[in-house]
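I opened the notebook to record what I looked up in this structure, one topic at a time.

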Amino acid sequence: MESKESQFALPVDSEHKATVFHPFSLAAPHMRAFHLAWLSLFATFFSTFAIPPLLPIIREDLKLTDTDIGNAGIASFMGSIFSRLAMGTACDVFGPRIASATLSLLTVPIVFSACFISTPQSFIVLRFLIGFSLANFISNQFWMSSMFSGCVVGLANGVAAGWANVGAGATQLIMPLIFAFITSFNVPAFTAWRVAFVVPALFQAVTALMVLFYGQDLPDGNYKRRQRSSTKPRESVFKVLLHGLSNYRGWVLGLTYGYCFGVELTVDNIIAQYFYDRFNLNIETAGAIAASFGVVNFFSRPAGGVISDEMGRRFGIRGRLWSLWIVQTVAGLLCILLGRVNTLGASILVICAFSVFVQAASGLTFGVVPFVSKRSLGVISGMTGSGGTVGAVVTQLLLFSGSKYSKETSISLMGVMMIICSTPITFIYFPQWGGMFCGPSYDSDWVDEEYRLIE
Amino acid sequence: MATRAFLVTSLLLSCLLQICSGAYFSSLQRTLIVTASPKAGEVLKSGEDKITVTWGLNQSYPAGTDSAYKTVKVKLCYAPISQVDRAWRKTVDQLTKDKTCQHMIVSQPYKASNNSVEWTIEKDVPTATYFIRTYAYDAEGQEVAYGQTTDAHKTTNLFGIEAITGRHASLDIAAICFSAFSVISLFGFFLVEKRKTRVAK
């Protein structure tokens, strides 16, 4: 009988998950799923962060105050805190394909409503509702974990998330260019920004439809009902949830992610306005600089994953923890510096360096996540992912709402918070592998299955 | 000899610094008289209404006060009430950093009297409360004097401008159509899938 494995373009394991990762191939179903996943998540980041680069125009048209802008920035992440937690269950029940496409398509009308809004309150509601679509990060990672085997899943997850995050940067460059193009037809500025929003909305709709028509949930087909492998014992959802929530490492990683990815989200929100206001740049130049922060994700987040894997190979979990702590602390120092430099040239240099380190830290965080718990991996991923958006909300609330601190002081304070919130990494300890300062306390050839049952 | 050279250098340096850091508003003399057509409390529409501004040297100042004035710029400036909670419109004494006056009405060579301009309010002027200020510049392009339609505390003789609405009927319709399309296509997909599974069964 011909082996089922041979029908796939890529080499696969016993579950038909791909064991290699070829990002420049479109082979169905694995690489095609990868491209659909990162592209549709890219579109949601593109829509969510399409507003910040155009804020200098929007704030005048909608009569916004600094308080309104700050509240809207916070609102933009609040929705995604809950939607990210819910998305994990939705993927389990409906499959990542339907869950992500449904969320994207239902959020498209929200993006289009940028054409109608005219008050600060409606602006805040708009940002809140668009933010829900960021939950597609969870379906993206879930889909990659379903398609790629353990030996490449870290890389697949890192590249899928990194390339998608580039959307937050690309939009800061592209939206001002679209706006400039529209105003060149003598359309008034207050209308031109609204017309510009048709682009991210349509892009999001098209990618979501592509996911529905060309994607499939699993290497063997789509979800019909929850497939349970007979080798794994059945677990109650509640027990799995409780087990994950009671693991302190999940909370520490959530806090860590809140101060690398959360800071990245916050910077995406404030940086274009910061450069526009502080250095008197025009909207396209401020957008281009803001974009350079986001597009670096193309390699810096995957690089974080690769570094984590390499350090893990050489030094075990200790290497992964040390590299995470070092990279995030350096990122914090660069953030402090960013608020202190007074010239445009130095600011651009610092922000480029800062972007590499903060995004690598995000990749490094998800290099530790799979080791925390095998039984409650989904819950730990959800806690970490949500922690990212909680960090963004808290940072924006404390530092970037209203006019209490100048923006440059707030940026430096954010760097201080990053350094403080990465010190708990030093407390993470795995009895069988050790921690940053202590060696393992169990026998080093602990059987994987026994670990799995306990953790 | 050395001390003289030192003095000259330090004088040059301080002049250079002054030019580099720009003039300070508190150091400017209010030697120009500026009047504008909007009455106090009047609200004008951007894109439609016109503002007429006239300005000239205040004759009560000694002759020769305006010897350095080469060009003037007339600007539309935000009143304090429109600057509250909006750091991007903040008033700062150092004029290179000051954001009070962001809309240029006209820029022309200086004349002591008979200056007048009629300006149609541009469509990108936002809804806010305003006054008008005229800056006089020297040959190096540095502010040396000013005049404004309001008092020193910017409380009197302020007027409002109402911006155009950015909304457009055709844009609203296009947005509704595309939104409906995306939601309908989602439910259409579910219907097709259900029909496929029913046929397969």
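Before looking at bridge partners, I noted that two strands count as paired if DSSP finds at least two bridges between them. I also noted that the model is a predicted one.

**Entry 1: strand β4 of chain B**

I began with β4(B), which covers residues 71–78. Is this strand mostly covered or mostly open? Six of its eight residues are buried, where buried means under 20% relative accessible area.

Next I looked up the pairing of β4(B). With β5(B), residues 101–109, the pairing is antiparallel and has seven bridges. I picked K73(B) and searched for its bridge partner in β5(B), which turned out to be S107(B).

I then turned to β7(B), residues 128–137. How many bridges join this strand to β4(B)? I found eight, and these two strands also run antiparallel. Opposite L76(B) in β7(B) stands I132(B).

I added a general reminder: in a regular strand the side chains alternate between the two faces of the sheet.

**Entry 2: chain B as a whole**

I listed the secondary structure of chain B and got two helices and nine strands. In sequence order the pattern is α-β-β-β-β-β-β-β-β-β-α, with a helix at each end of the pattern. Why do I call chain B more spread out than a compact globule? Its radius of gyration is 27 Å, and the globule rule gives 17 Å for 201 residues, so the value is well over the rule. I also took the box that the C-alpha atoms fill along the principal axes, and wrote down roughly 105 × 50 × 30 Å.

Of the 201 residues in chain B, 40% count as buried. The chain exposes about 11,400 Å², and carbon and sulfur atoms supply 61% of that area.

For contacts in chain B, I kept those with a separation of 6 or more. Of these, 76% are between residues 24 or more positions apart.

I looked up the charges last. Chain B has 23 positive and 17 negative side chains. The centres of the two sets lie 10 Å apart.

**Entry 3: helix α2 of chain A**

I moved to α2(A), residues 51–61. How many of its eleven residues are buried? The number is eleven, so the helix is largely enclosed by the rest of the structure. The buried residues include I51(A), L54(A) and I57(A), and also the charged R59(A), E60(A) and D61(A).

After the helix comes K63(A), and I noted that its phi is positive, near 60°.

Terms used. Residues are numbered from 1 along each chain as its sequence is written. Chains are lettered from A and ligands numbered from 1 in the order in which they are written. This is a predicted model: local features need pLDDT of at least 70, side-chain atom pairs count only at pLDDT 80 or more; totals for chains, interfaces and linings use all residues. Side-chain values use heavy atoms; hydrogens and water are left out. Buried means under 20% relative accessible area, exposed over 50%, partly exposed in between (1.4 Å probe, protein chains only). Helices (H or I, at least four residues) and strands (E, at least two) are DSSP runs, numbered from the N terminus. The radius of gyration is taken over C-alpha atoms; the globule rule is 2.2 Å times the number of residues to the power 0.38. Contact means heavy atoms within 4.5 Å. Accessible areas come from the Shrake-Rupley method with a 1.4 Å probe; for residues, only the protein chains shown count as cover. The place of a charge is taken as NZ of Lys, CZ of Arg, CG of Asp or CD of Glu.
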